[in-house]
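Biologist: I would like to go through this model before planning anything at the bench. Please give the cut-off behind each term when it comes up.

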Amino acid sequence: GWRRAGRDAPPLMRAPIVATSLAEFWGERWNIAFAEGARRFLMRPLARRVGVRGAGFAVFAISGLLHETVVSLPARGGWGGPTLYFLLHALGLAIEKSVMGVRLGLGRGIRGWMWTLFVAVAPLPLLFHEPFVRNVIVPLYRSLAAFLP
């Protein structure tokens, strides 16, 4: 909408489905506004204190806690699932960047794409847990259905 109105508004997503690594997915393709803010305000300052890996882990942990407030809190349940989802991504990124991960090609090409897709999709039930679906999504759809013919 902003771009159609003539405003300079870059897209928030940059074709995340084509990412061939978790690093590319999170750093360059998914929610660019958060990624840029996290790099500037969290990653760089924390990296000076705890190193790049520690800072990256902290960013994923903070993202998990933020998602708890927008997923688990309104659902009144499912606590820990969103945080675990993002901590699994931190682990996945560490595996991807490990000697073994590099040797296996987890950060490039078709193997990297399949790895990224697997790590992003397989644990989605942790992020969008049953209490969220039952207490937020279903009522939302029922409300919308009341307005549709």
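**Charges, core and surface**

Biologist: At 15% relative accessibility, does glutamate 24 count as buried or exposed?

Modeller: First, this is a predicted model: local features need pLDDT of at least 70, side-chain atom pairs count only at pLDDT 80 or more, and totals for chains, interfaces and linings use all residues. Residues are numbered from 1 along each chain as its sequence is written, and side-chain values use heavy atoms, leaving out hydrogens and water. Buried means under 20% relative accessible area, exposed over 50%, and partly exposed in between (1.4 Å probe, protein chains only). At 15%, glutamate 24 therefore counts as buried.

Biologist: Which residue forms a salt bridge with glutamate 24?

Modeller: Side chains of opposite charge can pair when their charged atoms come close. A salt bridge here is a side-chain nitrogen of Lys or Arg within 4 Å of a carboxyl oxygen of Asp or Glu. The closest N and O atoms are 2.7 Å apart, and the partner of glutamate 24 is arginine 29.

Biologist: Which residue meets glutamate 130 in a salt bridge, and in which helix do both lie?

Modeller: The structure holds two salt bridges, and in this one N and O are 2.5 Å apart. Glutamate 130 is partly exposed at 46%, and its partner is partly exposed at 44%. Helices (H or I, at least four residues) and strands (E, at least two) are DSSP runs, numbered from the N terminus. The two side chains are separated by about one helical turn, because they are four residues apart in the helix; the partner is arginine 134, and the helix is α7 (residues 130–147).

Biologist: How many helices and how many strands are there in the protein?

Modeller: Along the sequence the pattern reads α-α-α-α-α-α-α. The C-alpha atoms fill a box of roughly 55 × 40 × 35 Å along the principal axes. The count is seven helices and zero strands.

Biologist: Which helix gives the most residues to the largest nonpolar core?

Modeller: A nonpolar core is a set of buried Ala, Val, Leu, Ile, Met, Phe, Trp, Tyr and Cys residues joined through side-chain atoms within 4.5 Å. The largest one has 14 residues, and those with the most contacts inside it are Leu22, Trp26, Phe60, Tyr85, Phe86 and Trp115. Two or more residues come from each of α1 (22–29), α3 (81–97) and α5 (109–121). With four residues, the one that gives the most is α3.

Biologist: What span does α3 reach from its first C-alpha to its last?

Modeller: The expected span of a helix is 1.5 Å times one less than its number of residues. α3 has 17 residues, and its reach is close to the expected value. Its buried residues, among them Tyr85, Phe86 and His89, are covered by elements including α2 (32–75) and α5. The span is 24 Å.

Biologist: Which residues does serine 63 touch, not counting those up to four places away in sequence?

Modeller: Serine 63 is placed in helix α2, and at 7% relative accessibility it counts as buried. Contact means heavy atoms within 4.5 Å. On that rule, serine 63 touches Phe34 and Phe86.

Biologist: Which residues form a nonpolar patch on the surface?

Modeller: Patches are made of residues with over 30% relative accessible area and no salt bridge; like charges are joined within 9 Å, and nonpolar side chains (Val, Leu, Ile, Met, Phe, Trp, Tyr) within 5 Å. Areas come from the Shrake-Rupley method with a 1.4 Å probe, and for residues only the protein chains shown count as cover. One member, valine 18, is partly exposed at 43% and sits in the segment before α1. With about 320 Å² of accessible area together, the patch is made of Ile17, Val18, Leu117 and Val121.

Biologist: What is the phi of arginine 76?

Modeller: Most residues other than glycine have a negative phi, and most peptide bonds are trans. Arginine 76 lies in the loop between α2 and α3 and is exposed, at 65% relative accessible area. Its phi is positive although it is not a glycine, at about 55 degrees.
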